[in-house]
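Here is an informal walk through one protein structure, for anyone meeting it now. Take a look at the picture, then read on.

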Amino acid sequence: MALREIVKVGEDLLRKKSKPVKNFDKDLSTLLDDMYETMRVNNGCGIACPQVGILLRAFIIEIEGMKVEFINPVISDTSGSCILKEGCLSVPNRSEYVERPTKLTVKAFTREGTPFEMVAEDYVARVICHENDHLDGVLYIDKIAKKK
């Protein structure tokens with residue numbers, strides 16, 4: 001495993017749309033392993049490929065005792081709403097209030113290419129939405145909400 005440099009706000013790459021993963025191979029596994037190490041060293045709970053300079057539709061989360069990799073994710077069936085503060089490894093030393101769904105369903109693939117579906121709620125749903133936005137070039141600061 002190796003640490004990767006985190007792409008910061010202001011760099012054009014963060015605003016680009018990522019391409020679907022086509023090769024579920026050793027290179028993908030190495031990338032995901034590197035992302036875990038980079039995320040942990042920087043005290044994150046999720047990180048997306050664009051944040052390490054790779055425009056692929058994949059992100060990882062590690063929260064609440066759960067470690068999940070989402071390759072080519074598609075979020076559906078969102079419900080509820082909650083406004084909470086968020087931060088981001090690519091937007092250091094800042095946090096803002098963002099409105100996110102409190103429940104969602106996401107379909108994705110594992111690093112081996114096996115499809116899965118997951119229902120997530122509350123904080124896990126928030127992190128999934130946050131990381132998924134990175135795949136479309138959207139940052140949480142684009143979604144700042146007024147606290148209710």
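## A hairpin to start with

Let's begin with two strands, keeping in mind that this model is predicted. Strands β4 and β5, the latter covering residues 91-100, pair up antiparallel through six bridges. Getting from β4 to β5 takes a hairpin with two residues in it. If you'd like one pair to pick out by eye, try K85, whose bridge partner in β5 is Y97.

## The largest pocket

β4 also turns up in the lining of the largest pocket, where β4 (82-88) and α2 (122-134) are the elements that give two or more residues. How much space lies in this pocket? The answer is about 240 Å³.

The lining of the largest pocket is made of 15 residues, and those nearest the centre are C45, G87, C88, Y123 and H130. Helix α2 supplies the largest share of that lining, with five residues. Sorted by chemistry, the lining has five nonpolar, six polar and four charged residues.

## The β2, β3 and β6 strands

Now for another stretch of strands. β2 and β3 run antiparallel to each other and are paired over six bridges. One of the matched pairs here is I63 with its bridge partner M66 in β3. The hairpin of β2 and β3 has two residues between the strands, and E64 in that hairpin takes a positive phi near 50°.

β3 has a further partner: five bridges link it to β6, again in an antiparallel arrangement. To find your way along β6, look for K107, which has V74 standing opposite.

## The largest nonpolar core

In soluble globular proteins, nonpolar side chains tend to be buried together. Here, the largest nonpolar core has 17 residues, and the members touching the most others are I61, F70, M118 and I128. Two or more residues each come from β2 (58-63), β3 (66-79), β6 (103-109), β7 (115-121) and α2. Of these, α2 gives the most, with five residues. Helix α2 also gives five residues to the lining of the largest pocket.

There is another core apart from this one, with 15 residues, including I6, M35, I47 and I71.

## A closer look at I61

I61 is worth a stop of its own. Is this residue of strand β2 buried or exposed? I61 counts as buried because its relative accessible area is 0%, and the cut-off for buried is under 20%.

Leaving out residues up to four places away in sequence, I61 touches Y36, C45, G46, M66, K67, V68, F70, V124, V127, I128 and E131. C45 is also among the residues nearest the centre of the largest pocket, while F70 and I128 belong with I61 to the members of the largest core that touch the most others. The C-alpha atoms of I61 and M35 are 9.9 Å apart, with 26 residues of separation along the chain. M35 is one of the residues of the other core.

## And T38, over in a helix

Last stop: helix α1, residues 26-41, which is where T38 sits. T38 has 0% relative accessibility, so this residue counts as buried too.

Which residues does T38 touch, not counting those up to four places away in sequence? They are A2, L3, R4, I6, I47 and V52. Among them, I6 and I47 are members of the 15-residue core.

Technical notes
Residues numbered from 1 in each chain as written. Predicted model: local features only at pLDDT ≥ 70, side-chain atom pairs only at ≥ 80, totals over all residues. Heavy atoms only, no water. 1 Å grid on protein atoms, 1.4 Å probe; cavity = no way out; pocket = protein on both sides within 12 Å on 5 of 7 lines; lining within 4 Å. Points joined across faces, edges and corners; volume = space filled by probe spheres on them. Helix = DSSP H or I, 4+ residues; strand = E, 2+ residues; numbered from the N terminus. Nonpolar A, V, L, I, M, F, W, Y, C, P; charged D, E, K, R; others polar. Pairing = 2+ DSSP bridges. Buried < 20%, exposed > 50% of the residue type's maximum accessible area, 1.4 Å probe, protein only. Contact = heavy atoms within 4.5 Å. Core = buried A, V, L, I, M, F, W, Y, C linked by side-chain atoms within 4.5 Å.
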